[in-house]
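User: Please take a close look at salt bridging in this model, and set it in the context of its surroundings in the fold. A connected account would suit me better than a list.

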Amino acid sequence: FSHILFQVRSRSLKEFEIDGDERVNTLTVAEKEVVFRTNLSAGDGMQDPNKPSEAIIQRFPVTYVGMQLGLAYRF
């Protein structure tokens with residue numbers, strides 16, 4: 001394969017420790033989750049803390065991924 005493009009659709013925080021104390025449950029949904037969109041519109045500036053944050057979609061190009069498999073046969 002050549003020129004593959006990976007697109008991240010969402011991210012979520014699974015672990016968050018401070019000095020050995022797990023704190024992921026103290027965060028709001030907006031702080032733990034991000035949903036990537038192709039288009040964003042300007043809102044009123046207020047974000048609902050019970051909904052995931054929104055961001056522009058990120059693309060990660062990979063120029064080459066390959067696998068070779070061979071079979072040799074001699075007469």
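Analyst: A salt bridge is taken here as a side-chain nitrogen of Lys or Arg lying within 4 Å of a carboxyl oxygen of Asp or Glu. What follows describes a predicted model, and in this model the structure holds 2 salt bridges.

One of them joins D21 to R23, whose closest N and O atoms are 3.0 Å apart. Both partners are partly exposed, since D21 has a relative accessible area of 39% and R23 has one of 31%, and each value falls between the 20% under which a residue counts as buried and the 50% over which it counts as exposed.

The other salt bridge is formed by the side chains of E54 and R37, with a distance of 3.2 Å from N to O. This pair links distant parts of the chain, for R37 belongs to strand β5 (residues 33-37) and E54 to strand β6 (residues 53-56), and the two residues are 17 positions apart. Here too the partners count as partly exposed, E54 because its relative accessibility is 47% and R37 because its relative accessibility is 37%.

The setting of this second pair can be followed through the pairing of the strands. An open sheet of 3 strands runs in the order β2-β5-β6, with mixed pairing. Its edges are taken by β2 and β6, each of which has a single partner strand, so that one side of each is left without a neighbour in the sheet. On average, and with direction ignored, neighbouring strands of this sheet are turned by 20 degrees against each other.

As to the general background, strands of a sheet pair through backbone hydrogen bonds, in either a parallel or an antiparallel sense. In the sheet described here, β5 and β6 are paired in the parallel sense, over 4 bridges, whereas β2 and β5 are paired in the antiparallel sense, over 3 bridges. Individual bridge partners make the arrangement concrete: R37, the arginine of the E54 salt bridge, has I56 as its bridge partner in β6. V34 stands opposite S53 in β6, and V34 is also the residue of β5 that serves as bridge partner to R11.

Returning to the stretch around the D21 and R23 pair, D21 falls at the start of β4 (21-22), and the loop between β3 and β4 contains D19. D19 has a positive phi of about 50 degrees although it is not a glycine, and it counts as exposed because its relative accessibility is 81%. Further back along the chain, F16 lies in the loop between β2 (10-12) and β3 (17-18). F16 counts as partly exposed because its relative accessibility is 33%, and together with L13 and I18 it forms a nonpolar patch on the surface, the three having about 210 Å² of accessible area together.

Another part of the chain brings in residues distant in sequence without a salt bridge being described for them. Q7 lies in strand β1 (residues 2-8) and is partly exposed, with a relative accessible area of 31%. Although Q7 and R59 are 52 residues apart in sequence, their C-alpha atoms are 4.7 Å apart in space. With neighbours within four places in sequence left aside, Q7 is in contact with I57, Q58 and R59.

For the chain as a whole, there are 1 helix and 7 strands, which follow one another from the N terminus as β-β-β-β-α-β-β-β. Among contacts with a separation of 6 or more, 40% are accounted for by residues 24 or more positions apart. Of the 75 residues, 9% count as buried, and the accessible surface comes to about 7,100 Å², of which 53% belongs to carbon and sulfur atoms.

Key: Residues are numbered from 1 along each chain as its sequence is written. This is a predicted model: local features need pLDDT of at least 70, side-chain atom pairs count only at pLDDT 80 or more; totals for chains, interfaces and linings use all residues. Side-chain values use heavy atoms; hydrogens and water are left out. Patches are made of residues with over 30% relative accessible area and no salt bridge: like charges are joined within 9 Å, nonpolar side chains (Val, Leu, Ile, Met, Phe, Trp, Tyr) within 5 Å. Accessible areas come from the Shrake-Rupley method with a 1.4 Å probe; for residues, only the protein chains shown count as cover. Buried means under 20% relative accessible area, exposed over 50%, partly exposed in between (1.4 Å probe, protein chains only). Contact means heavy atoms within 4.5 Å. Two strands pair if DSSP finds at least two bridges between them. Axes are lines fitted to C-alpha atoms, for helices over the stretch in contact, and angles run from 0 to 180 degrees between N-to-C directions.
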